[in-house]
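Student: I have a structure open and would like to go through a few of its local features with you. Could we start with the backbone and then turn to a pocket?

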Amino acid sequence: MGRFTFHGGIHPDDGKRLTENKEIQEYMTEGEAVYPLSQHIGAPAKPVVKKGDRVIAGQLIAQATSFVSANIHCAVSGTVKGIEKRLTPGGSMEDAIIVDNDREFEEVDFSARVRPLDGLYREDVIEIIREAGVVGMGGAGFPTDVKLSPKNEKDIDCIIVNGAECEPYLTSDYRRMLEEPEKIVTGLKIVLSLFPGSQGIIAVENNKPQAIKLLRELTKDEPRIRVNKLKTKYPQGAERQLIYANTGRYVNSSMLPADAGCIVHNVDTIISIYSAVIEGRPLISRVVTVTGDCIANPANYIVRLGTSYRELVEAAGGFIKDPAKVISGGPMMGKALYSLDIPVVKGTSSILALSRDAVAEKEPTACIKCGKCITVCPGRIQPNLLADLAEARDEDAFLKNSGMECCECGCCSYVCPARRHLTQTIAGTRKNLIAKKKRG
């Protein structure tokens with residue numbers, strides 16, 4: 001059993017009060033829709049449409065090209081304008097299918113794809129999820145069908161639904177838990193059916209009592225499902241910390257959750273599994289929190305993939321003052337943006353506009369050897385030392401001192417009184433080492 005918490009962590013102002021009581025609103029895309037071919041871990045999808053083709057919502061427009069890849073479906077109806085490089089939330093320019101949206105939102109007959117659940121074999125369910133293009137929607141973008149196909153499926157005894165939503169300002173998962181809890185429970189039951197020897201856990205931080213109460217009521221007669229109330233602490237929702245908090249099992253950088261007998265799914269991912277299997281709907285929309293003290297009307301939107309960030313900000317009333325920083329995702333692990341002309345993709349959880357850039361306000365100084373970064377590090381490593389080794393480009397010493405165990409959560413940078421960019425410095429070396437390993 002876990003202890004419902006983990007070593008280290010921090011308690012930043014969560015900012016959730018801006019949108020936690022805002023019900024999810026549907027937003028219908030008005031402008032062109034942009035679909036990057038690489039919005040998941042693995043090989044980019046291959047286009048199956050060309051310039052001039054008419055497409056409708058739910059139609060496959062790009063196909064997975066390998067085992068670790070994901071299908072992409074159109075979320076609007078209209079005409080394909082072409083395939084060209086477009087800016088993505090991660091900051092890179094990627095090939096993308098551009099669709100001229102006709103605003104009619106004609107869609108595929110999803111009901112024709114639905115098959116009775118009790119007549120499906122395990123392989124059928126996984127194939128439906130693969131065909132639907134479902135990926136991890138907490139930001140990682142790992143294809144869900146691959147996650148559900150571990151080498152030793154009999155070793156999986158724990159399915160965890162990540163309802164922690166520990167990242168400040170984000171409330172999309174919270175609203176899903178309040179407004180669509182039945183879909184979460186049914187989605188979890190679908191995954192449990194793939195692993196007969198497993199138990200299900202819906203893990204929610206204790207700052208969400210309404211969601212916990214609702215989910216416990218819905219699962220009171222489900223012997224294979226329990227709802228765990230976790231201590232509110234960042235990064236409670238990080239995969240390694242979540243697994244430890246709920247099971248007491250350790251996962252290091254050389255392991256997958258499946259190596260510890262666990263599979264973890266984000267709330268939005270579980271609902272996407274439900275939508276694919278029960279409703280026949282591919283992944284063409286997700287909930288996005290548009291928030292921050294610069295947003296006129298912070299809100300939670302169910303939005304179609306491919307919608308421009310700029311359009312979504314305007315839907316929330318635009319900026320009431322010039323933001324010092326705009327972030328895709330949360331303030332701890334999100335990506336700072338220099339343009340709003342980028343599309344909502346499968347991993348987009350939030351658009352955050354802040355009037356204050358706390359990171360840029362003070363220049364970093366020398367380490368004062370206070371040890372705060374070590375105290376809060378959930379990976380139990382020495383961020384100050386690792387940053388020094390990274391700056392010195394001493395990769396051997398970096399590896400020897402467990403540099404790969406950094407989960408890039410940002411806790412060390414947050415507490416550092418010297419304002420050192422510890423996380424970014426360590427992350428750069430980790431990425432270089434991972435790239436070297438891939439090159440052999």
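Student: Is Ser402 buried, partly exposed or exposed, and what is its relative accessible area?
Tutor: Bearing in mind that this is a predicted model, Ser402 comes out as partly exposed, with a relative accessible area of 34%. Ser402 sits in the loop between α12 (395-400) and α13 (411-415), and its phi is near 65°, a positive value in a residue other than glycine.

Student: Why point out the sign of phi?
Tutor: Because most residues other than glycine have a negative phi.

Student: And what about Arg380, where is it and what is its phi?
Tutor: Arg380 lies in the loop between α10 (372-376) and α11 (383-391), and its phi, near 60°, is again positive in a residue other than glycine. Arg380 is exposed, with a relative accessible area of 53%.

Student: Which peptide bond is cis?
Tutor: The bond from Tyr234 to Pro235 is cis, with omega near 0°, and Pro235 is placed in the loop between β11 (225-230) and α6 (239-247).

Student: Switching to pockets, what is the volume of the second largest one?
Tutor: The second largest pocket has a volume of about 380 Å³, and 19 residues line it, with Arg176, Ser275, Arg281, Ser285 and Ile302 lying nearest its centre.

Student: Which element gives the largest share of that lining?
Tutor: That is α7, which contributes four residues; the elements giving two or more residues are β1 (24-27), α3 (172-179), α7 (267-279) and β14 (299-304).

Student: How many of the lining residues are charged?
Tutor: Eight are charged, alongside eight nonpolar and three polar residues.

Methods. Residues are numbered from 1 along each chain as its sequence is written. This is a predicted model: local features need pLDDT of at least 70, side-chain atom pairs count only at pLDDT 80 or more; totals for chains, interfaces and linings use all residues. Side-chain values use heavy atoms; hydrogens and water are left out. On a 1 Å grid over the protein atoms alone, a cavity is a set of points where a 1.4 Å probe fits but cannot get out, and a pocket is an open set with protein on both sides within 12 Å along at least five of seven lines; lining residues have an atom within 4 Å of a point. Grid points are joined across faces, edges and corners, and a volume is the space filled by probe spheres set on the points. Ala, Val, Leu, Ile, Met, Phe, Trp, Tyr, Cys and Pro count as nonpolar, Asp, Glu, Lys and Arg as charged, and the others, Gly among them, as polar. Buried means under 20% relative accessible area, exposed over 50%, partly exposed in between (1.4 Å probe, protein chains only).
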